[in-house]
Amino acid sequence: MPDQSNRTVLLVEDSAADREVVRRLLRQHKRAYTILEAHTGADALAVCESTHVDCVILDFYLSDMDGLQFLDALAAPTGQVPLPVAMVTARDDDATAAEVLARGAQDYLVKEALTSHALVRAVENTIEKFRILRELDEQRAAVELRNHKLEVLRDELQTKVEDLADATKAKDRF
């Protein structure tokens with residue numbers, strides 16, 4: 001059963017008309033969304049640092065930076081984008097979409113194709129995909145740690161086997 005709790009969405013869009021469209025589309029759905037707004041990338045980065053956000057809906061072209069620069073700045077401290085991001089843009093371009101996804105966004109949406117259902121589905125899928133990717137990263141790290149411990153144990157065992165072989169050879173010489 002889907003979680004029906006309120007979600008906090010940061011809408012990063014420099015166009016007042018486009019912000020209104022996204023607000024209207026989100027409000028048409030039964031799930032409650034708290035919508036925070038930022039008109040520039042710098043403002044959005046400040047909100048991300050100071051406020052819990054479940055998902056960022058990010059316009060590609062902002063007045064102070066583009067979406068790729070925003071993703072890079074958001075990821076700067078750790079190298080990973082720390083929260084779910086859905087890019088929303090008028091630019092219907094596969095190469096740009098691939099680059100946005102490679103830089104850490106979970107979705108790329110074309111504004112002209114947005115409906116209330118599509119936007120809400122994208123927000124929810126973005127949040128879920130981000131959660132799953134983080135769980136996979138945690139599991140991968142745990143497996144790597146276990147593998148490292150096993151390698152250390154294997155090396156210790158190999159050393160003991162070699163020591164025993166050397167002791168057996170020395171005994172056989174007497």
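Me: What are the residues that touch the most other members in the largest nonpolar core?

Reply: Among the 26 residues of the largest nonpolar core, the ones that touch the most other members are Leu 10, Val 56, Leu 58 and Phe 70. A nonpolar core is a set of buried Ala, Val, Leu, Ile, Met, Phe, Trp, Tyr and Cys residues joined through side-chain atoms within 4.5 Å. Two or more of its residues come from each of strand S1 (7-12), helix H2 (41-50), strand S3 (55-59), helix H3 (67-75), strand S4 (85-89) and helix H4 (94-102), and H3 gives the largest share, 5 residues. Apart from this core lies another one, of 18 residues, including Val 9, Leu 11, Tyr 33 and Ala 86.

The model is predicted, so that local features need pLDDT of at least 70 and side-chain atom pairs count only at pLDDT 80 or more, whereas totals for chains, interfaces and linings use all residues. Residues are numbered from 1 along each chain as its sequence is written, and side-chain values use heavy atoms, with hydrogens and water left out.

Me: Which residues is Leu 58 in contact with, leaving aside its neighbours within four places in sequence?

Reply: With those neighbours set aside, Leu 58 is in contact (heavy atoms within 4.5 Å) with Val 12, Gly 67, Phe 70, Leu 71, Val 85, Ala 86, Met 87 and Val 88.

Me: Why is Ile 127 called buried or exposed?

Reply: The relative accessible area of Ile 127 is 13%, and buried means under 20%, exposed over 50% and partly exposed in between (1.4 Å probe, protein chains only), so Ile 127 counts as buried. Ile 127 has its place in helix H5, and, beyond its neighbours within four places in sequence, Ile 127 is in contact with Arg 7, Asp 54, Cys 55 and Pro 84. The C-alpha atoms of Ile 127 and Asp 107, 20 residues apart along the chain, are separated by 10.0 Å.

Me: How do you know which class Ile 132 belongs to?

Reply: Ile 132, which is also found in helix H5 (residues 116-173), has 37% relative accessibility and therefore counts as partly exposed.

Me: What makes the buried residues of H4 lie on one side or on opposite sides?

Reply: The buried residues of H4 are Thr 96, Ala 97 and Val 100. They cover an arc of only 100° around the axis, which puts them on the same side of H4; the arc is that of the directions from the helix axis to the C-beta atoms. Their cover includes H3, S4 and strand S5 (107-110), whereas the face turned away from the buried side of H4 carries the exposed residues Asp 94, Ala 95 and Ala 102. The helices (H or I, at least four residues) and strands (E, at least two) are DSSP runs, numbered from the N terminus.
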